[in-house]
Amino acid sequence: MILYRGPADKKRFWVCLLSLGTSSVSVQLIMTREVMSTFSGNELVIGLVLGVWLLFTGLGSALGVPVAKRARPERALFWGHVLIAVIPFLQIASIRALPLFWVRGQMLDLTSAVTSSTLILIPYCLVGGGMIPMAAALLKGKETASRVYIADTLGDIAGGLIFSFILVYTLSHWNSLIVLGSLNLLAATTMMSYRALPFLILICLGIGSACSLNLRTLSWRFPGQHVILHKNTPFAQLTISRNGKQLNVLQDAIPLYSTGNLDMETIAHLPLCQVSEGANVLLIAGGVFGTIDEIAKHKPRRIDYIELDPAIVKLDRLIANSLRHSFVHVHVGDGRLFVKKTGNKYDAVIVDLPDPENAQLNRFYSEEFFREVKSILTPDGVFSFSLVGAENYPEEEGLAVNRSVYAALTKVFKHLLVFPGLTNYYLASNAPLTADIAGVLAERRIETKRLVDYELPTIADPFRIDILKALLSKHEVPPNRDLSPSAFDHFLGLWLKKSESPKTLLYAMFIFVLGFAVMSCRRNVLHFTILTSGYAGMAFELSLMLLFQVIYGYVYLRICIFVTLFMIGAAAGAFVSGKFQKSARWQMLAADITLIALSVAAWIAAIAGVGARGELVLSAMQYFVIPSLIFLVAFAAGCQFSAVSRMTSGTDTEITGRLYLADLAGAGCGTILTGLLFLPKIGMFGVLITVLVLKAMSLGLNVIK
């Protein structure tokens with residue numbers, strides 16, 4: 001029997017999907033940041049978690065189909081919203097509690113990281129995914145799947161904007177979940193009669209009264225430490241803790257500074273002993289942790305200090321009050337973007353950033369960045385940074401990281417000097433470099449607490465310097481590049497080896513992802529078409545984000561705008577598809593052809609963008625080319641989803657559930673394979689080739705069908 005669906009059901013449909021989309025995207029962002037903090041910002045784990053989120057949400061949409069057939073959709077959606085409101089609190093507490101089960105200071109292996117985080121995330125994904133076909137059951141008609149796609153995407157857009165522009169600035173993650181939970185409880189009231197209102201009010205009061213658990217659960221992440229301050233910023237979670245008399249500053253659980261740490265002596269004095277006093281210095285990151293005070297001992301004329309996160313700059317008063325010097329000029333923003341735009345010349349450029357452990361950091365260790373730095377150095381200027389090293393026996397993957405960066409340096413600078421140790425300190429210049437650091441410090445009457453008496457005798461040993469130089473230049477390796485981040489790839493291998501993570505597990509996960517994708521198609525060409533478009537959408541998005549970061553730097557709000565632009569394009573494509581006069585088959589084939597053409601266009605844009613120097617070309621890439629590519633890719637994918645939904649046989653709930661499974665399975669593959677395997681190993685151009693191949697296969701199968 002076919003039930004008539006009236007205005008009340010239509011209202012419930014929109015309330016359900018808009019609130020579900022808003023909360024799902026926001027919760028995904030919150031959980032991603034929480035996992036990043038627990039697992040010290042390791043990008044491999046983050047990418048896998050995002051991929052798992054997409055895959056199991058797709059699986060949930062498939063499992064929701066039989067439930068939607070047997071149960072009243074209003075009742076099922078009522079309980080779905082209740083669970084969506086409550087589950088995130090259990091998830092965030094569980095993620096924060098994970099360090100309690102490990103040995104303090106232990107490097108987490110891939111198995112424990114992926115298994116634990118996946119098990120924690122699965123319940124929300126299955127419930128959220130299952131609600132999509134249940135919402136479809138509230139409507140009737142061939143356009144149901146397309147309407148679900150549009151409503152869900154509009155919710156995603158709202159969630160991305162609300163979290164990125166409001167919640168991340170004003171509320172903690174816990175309080176953000178209270179807001180999102182209240183939104184879902186409000187949505188639940190529209191699904192049932194007023195008799196359920198006391199129950200919902202009781203849950204809402206319980207959620208609100210749990211505010212005190214925020215700091216308590218945060219302390220689980222730092223066993224043995226007292227959390228003094230915890231602050232969300234658009235870029236990370238910043239924590240200040242105390243352990244006895246030691247003060248610690250952590251960003252996403254990665255230690256940035258501890259009282260008594262003297263690494264800033266080496267960072268500052270090695271490069272500044274190569275240039276005269278009164279130098280102009282550019283310092284990228286790390287300044288408030290003591291590096292500026294060490295640079296000041298060389299009587300610089302000017303220090304331009306660049307820091308991405310303004311919250312770190314504000315820590316200066318608490319730590320060293322380094323910014324009191326009149327010659328220090330603070331710039332909040334991306335260091336590489338500053339290098340591109342500055343008209344100043346510097347005697348020394350010092351990069352005080354972590355190793356290239358993700359694609360964002362890799363761009364500070366690439367051949368292209370080195371050329372940009374060289375363009376702002378004086379003829380005798382020096383460039384310095386540090387990389388992972390080894391006391392006596394370099395590990396092969398760590399050595400591979402250094403070799404790829406060293407190869408890039410040799411293509412840009414005439415003279416290189418690398419001081420070996422647990423950390424390798426690199427100096428590069430077109431002028432000769434000296435290892436006699438102690439002599440220069442003595443001449444300038446600069447005293448150090450650790451460098452001269454303890455560290456220099458080891459790292460400045462000519463024999464050790466020569467051995468490291470021979471190791472770095474022993475094999476000819478491809479240089480680290482912006483769009484082919486080999487150093488990032490090797491660093492992932494280093495983490496896997498140090499944490500004793502079996503690579504077979506990683507390969508097994510890739511096989512599982514591919515198998516999941518194949519099963520979601522069920523030998524159905526239309527489902528394969530949607531799957532490959534889901535893959536293409538994520539592959540394009542990740543590749544174009546990488547291109548944007550490489551050219552303009554990590555400008556957080558603009559990237560959020562681009563993600564939102566992608567979702568707007570998908571919703572617009574699905575909407576226009578239903579109004580377009582051409583047949584659904586014609587639209588499906590045209591979308592495949594469009595995605596193939598856009599792959600070629602993105603290839604050309606990448607070549608032009610990375611090599612661009614003129615302001616006109618750079619502005620065109622930033623404000624037109626990259627945004628247009630993102631929008632058009634999403635538009636084509638959304639249009640194709642809507643067209644295929646009209647070509648697929650089955651009930652409304654079956655069509656919605658199966659197409660969402662294929663789409664999210666493809667997106668999950670795109671996230672995991674592109675972000676963690678293809679971009680590090682074959683670069684952006686290799687990723688675009690995979691899109692070309694898959695969409696060409698889809699087009700060919702649909703033409704001969």
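Let me start with Phe165, which at 34% relative accessibility counts as partly exposed, because the value falls between the 20% limit below which a residue is called buried and the 50% limit above which a residue is called exposed. I should say at once that we are looking at a predicted model, and everything I describe is computed from that model. Phe165 sits in helix α5, and together with Leu161, Ile162, Ile166 and Ile561 this residue makes up a nonpolar surface patch of about 390 Å². The helix that gives the most to this patch is α5, residues 144-170, with four residues.

From there I would move to helix α6, which covers residues 173-189. How far apart are the end C-alpha atoms of α6, and what span should we expect from 17 residues at 1.5 Å a residue? The expected span is 24 Å and the end C-alpha atoms are 25 Å apart, so the two values agree. The buried residues of this helix include Trp174, Leu177, Ile178, Leu180 and Leu185, and with them His173, Ser176 and Asn184; Gly181, Ala187 and Ala188 are also on that list.

Next, the sheet. Four strands form an open sheet in the order β1-β2-β3-β4, with antiparallel pairing. At the edges stand β1, residues 226-232, and β4, residues 254-258, and because each of them has a single partner strand, one side of each is left without a neighbour in the sheet. From one strand to the next, the twist averages 20 degrees. If we look at the pairing of β1 with β2, residues 237-243, we find six bridges joining these two antiparallel strands, and within this part of the sheet His226 stands opposite Arg242 in β2.

Finally, two residues on other helices, which I will take one after the other. Arg317 belongs to helix α12, residues 316-319, and with a relative accessibility of 78% this arginine counts as exposed. Its C-alpha atom is separated by 8.7 Å from that of Val288, the two residues being 29 residues apart along the chain. Ile511, for its part, is found in helix α21, residues 503-521. Is Ile511 buried or exposed? Its relative accessible area is 60%, so Ile511 is exposed. Between the C-alpha atoms of Ile511 and Phe101, which are 410 residues apart along the chain, the separation is 29 Å.

Definitions and conventions:
Residues are numbered from 1 along each chain as its sequence is written. This is a predicted model: local features need pLDDT of at least 70, side-chain atom pairs count only at pLDDT 80 or more; totals for chains, interfaces and linings use all residues. Side-chain values use heavy atoms; hydrogens and water are left out. Patches are made of residues with over 30% relative accessible area and no salt bridge: like charges are joined within 9 Å, nonpolar side chains (Val, Leu, Ile, Met, Phe, Trp, Tyr) within 5 Å. Accessible areas come from the Shrake-Rupley method with a 1.4 Å probe; for residues, only the protein chains shown count as cover. A salt bridge is a side-chain nitrogen of Lys or Arg within 4 Å of a carboxyl oxygen of Asp or Glu. Buried means under 20% relative accessible area, exposed over 50%, partly exposed in between (1.4 Å probe, protein chains only). Two strands pair if DSSP finds at least two bridges between them. Axes are lines fitted to C-alpha atoms, for helices over the stretch in contact, and angles run from 0 to 180 degrees between N-to-C directions. The expected span of a helix is 1.5 Å times one less than its number of residues.
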